[in-house]
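Trainee: I am new to this structure and would like a close look at one part of it. Could you walk me through the surroundings of a single tryptophan towards the end of the chain, and then show me how the rest fits around that picture?

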Amino acid sequence: MKNIQHLKAYVQMHPDNKMAWYLLGKEYYKNGQHGKANYCFNQSGEVYEAFEHSKVPAEMLREYEDGLLQAGRERDRKRKKIRRALMALILLLLVVIPSAAAPGLVGQWEPDGSSAAGDSDKVDPVEVPAIAKPGNSQTPVKSKLAFTAVEGGGASSAGKLLVTMLGGEQEGSKTAVLGMKRQGQWLIWKKRLPLISALEKKSDGVIEYQSFEPAVCNCKPPEHGELAKQAGEWQDAQEEQAVLWSAMKAYQSAKGKLPDSLKELTGPFPGNWLGGVTPTMKQAFKPLRAAASPGARGDQPEQPATSQAAQGADGSGSGASGGTQGQPFFASPLTIIIDKQTHRLAVVSGSVMLRNYEVGLGGDRTPEGRFAISDKVVNPNGHDNGEFGSRGMQLSDTNYAIHGTNDLNSIGKDESLGCIRMRRGDVEELFALAPKGTKVEISRGVLPAELLLPKERFAPATSENQTNPHKKYHWLN
């Protein structure tokens, strides 16, 4: 049967070799498989007739057959070598990566360094030994705490994070991982995302992994209330940095240079790139400006946010960098997506969705395409309760705008003349989140229907006058 397998593989690779077909037919015939033998003889054509009616010594046929079989065996040996190499690689990955994601193999991880001795629900940590480095000190070093967010429930995300720590993170670093749920092409950034795991790279190079999901680790995870609180603060800071980062990038795109100070982003109308600032944004300005400077990071070609989302969240095209090396977690500037089919307006960064509001539209009167916020106005036309509500954001110097409304019954319907209507709380938060210059994409069938609204709205302090009493707006309400 081995001869048959080798000869069969040979004729599959060399279907024009009539002698190989003939020899395969002979093997089938010897094994009593006459139907298959006849098929092979038919494929061999004149070779069958020549050899069946000739007196060619059987030794010659055997030598030819042995040559074919030898070639087949050599090919199999090469394949086995490749399979063994792949198996070795898989085993290596099973040793390294799944030890960071395997449900039953978890270690204790204490954010405050406190001891948990005597807790019978905790097991010994999984340790991934690192290659010893000259001069490594065995003295315990307090780990630096960092946070990131990934798609929850994906072992690949934990594996990628572990590989990153093995290759790049310094000893004495801890990374707490928050989990985002997926809705279609979007990863959902909710307030107070759940902690799913933590990785710590100790001073001796050993990595410990701790799951905080009882169903995943089949254990009782350690208390992590303080860590969860810190994670919530990290989320708030990342949203604020995303707004500032987006304003800086929009300013750079319009002016050809980065702002030299925060004041250049917070002037009165029309210099109100930002709707307001927070203490975190003030502290983050210099580090983010340094990160946005030429040479600090490779600029990527601009793509529609919906295209970025289709690339996958994760990593690739997720728009989230993890906040490493001075970069904000939301590396892609914020973009506004409007879905005419679901009557939704979302704020996204790459494939991560931060908000999803219900809006009123104008059906076919609302244009599809790509725009940018050209004006941001408080109390358009001098009123906070008029037809345009308390906030207005004009789209690319057109007569279309995103604004409030005094007709709340029109939200979720196609009753406007083309503009995008929003509830007061929603439009005021959007005004604070979306800097001037923010890209706006209007299309169909790209956003989920489920709303994404935090209980505590983003409402930074405002100081400069952002009204525009010198212009009467005639948006197509």
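Mentor: Here is a walk that begins with the chain as a whole, stops at Trp-475, and then visits some other parts.

Please keep in mind that this is a predicted model. The mean pLDDT of the chain is 79, and 69% of its residues reach 70 or more. Two stretches call for care. Over residues 94-141 the pLDDT stays under 50, and the model has 87 contacts beyond four places in sequence for them. Residues 312-317 also have a pLDDT below 50, with 16 contacts in the model beyond near neighbours in sequence.

With that in mind, the overall make-up is easy to state. The secondary structure comes to 12 helices and 13 strands. Of the 477 residues in the chain, 48% are buried. Among contacts between residues at least 6 apart in sequence, 67% join residues at least 24 apart.

Now to your tryptophan. Trp-475 is in the segment after strand 13, which spans 439-443. Is Trp-475 buried or exposed? Its relative accessible area is 5%, so Trp-475 is buried. Leaving out residues up to four places away in sequence, Trp-475 touches Pro-380, Phe-388, Gly-392, Met-393, Gln-394, Thr-398, Asn-399, Tyr-400, Ala-401, His-403 and Cys-419. You can also follow the backbone here: the C-alpha atoms of Trp-475 and Glu-387 are separated by 9.9 Å, while the two residues are 88 apart along the chain.

Several names in that list lead us to strand 9 and the loop after it. This loop runs between strand 9 (369-378) and strand 10 (391-395), and Asn-381 is found in it. Asn-381 has a positive phi of about 60° although it is not a glycine. With a relative accessibility of 17%, Asn-381 counts as buried.

Val-378 lies in strand 9 itself. At 15% relative accessibility, Val-378 counts as buried too. Not counting residues up to four places away in sequence, Val-378 touches Ser-390, Arg-391, Phe-431, Gln-466 and Thr-467. Its C-alpha atom is separated by 10.0 Å from that of Pro-469, which is 91 residues away along the chain.

One of those partners, Phe-431, takes us into helix 12. Which residues of helix 12 are buried? They are Asp-426, Val-427, Glu-429, Leu-430, Phe-431, Ala-432 and Leu-433. That is seven of the 10 residues of helix 12 (residues 424-433), so the helix is largely enclosed by the rest of the structure.

Another backbone detail sits at His-343, in the loop between strand 6 (335-339) and strand 7 (344-349). Phi of His-343 is near 55°, a positive value in a residue other than glycine. His-343 is buried, with a relative accessible area of 11%.

Further back in the sequence, a cis peptide bond joins Phe-269 and Pro-270, with omega about 5°. Pro-270 lies in the loop between helix 9 (225-255) and helix 10 (279-292). The axes of helix 9 and helix 10 come within 9 Å and cross at roughly 50°. That makes helix 9 oblique to helix 10, and their crossing is right-handed. On the helix 9 side, the residues in contact include Leu-244, Trp-245 and Met-248, and on the helix 10 side they include Met-281, Phe-285 and Leu-288. By class, this contact of helix 9 with helix 10 has 11 nonpolar, three polar and three charged residues.

For another helix pair, look at helix 2 (residues 18-30) and helix 3 (residues 34-44), whose axes come within 8 Å and cross at roughly 165°. That makes helix 2 roughly antiparallel to helix 3. The crossing of helix 2 and helix 3 is left-handed. Among the residues that meet are Trp-21, Tyr-22 and Leu-24 in helix 2 and Tyr-39, Cys-40 and Phe-41 in helix 3. The contact of helix 2 with helix 3 has nine nonpolar, four polar and three charged residues.

To return to your request, the residues touched by Trp-475 include Pro-380, Met-393 and Cys-419, and those are good names to find first in the viewer.

Notes:
Residues numbered from 1 in each chain as written. Predicted model: local features only at pLDDT ≥ 70, side-chain atom pairs only at ≥ 80, totals over all residues. Heavy atoms only, no water. Axes fitted to C-alpha atoms, helices over the stretch in contact; angles between N-to-C directions. Helix = DSSP H or I, 4+ residues; strand = E, 2+ residues; numbered from the N terminus. Parallel < 35°, antiparallel > 145°, perpendicular 65-115°, else oblique. Left-handed = near helix turned anticlockwise from the far one by under 90°. Contact = heavy atoms within 4.5 Å. Nonpolar A, V, L, I, M, F, W, Y, C, P; charged D, E, K, R; others polar. pLDDT = per-residue confidence, 0-100. Buried < 20%, exposed > 50% of the residue type's maximum accessible area, 1.4 Å probe, protein only.
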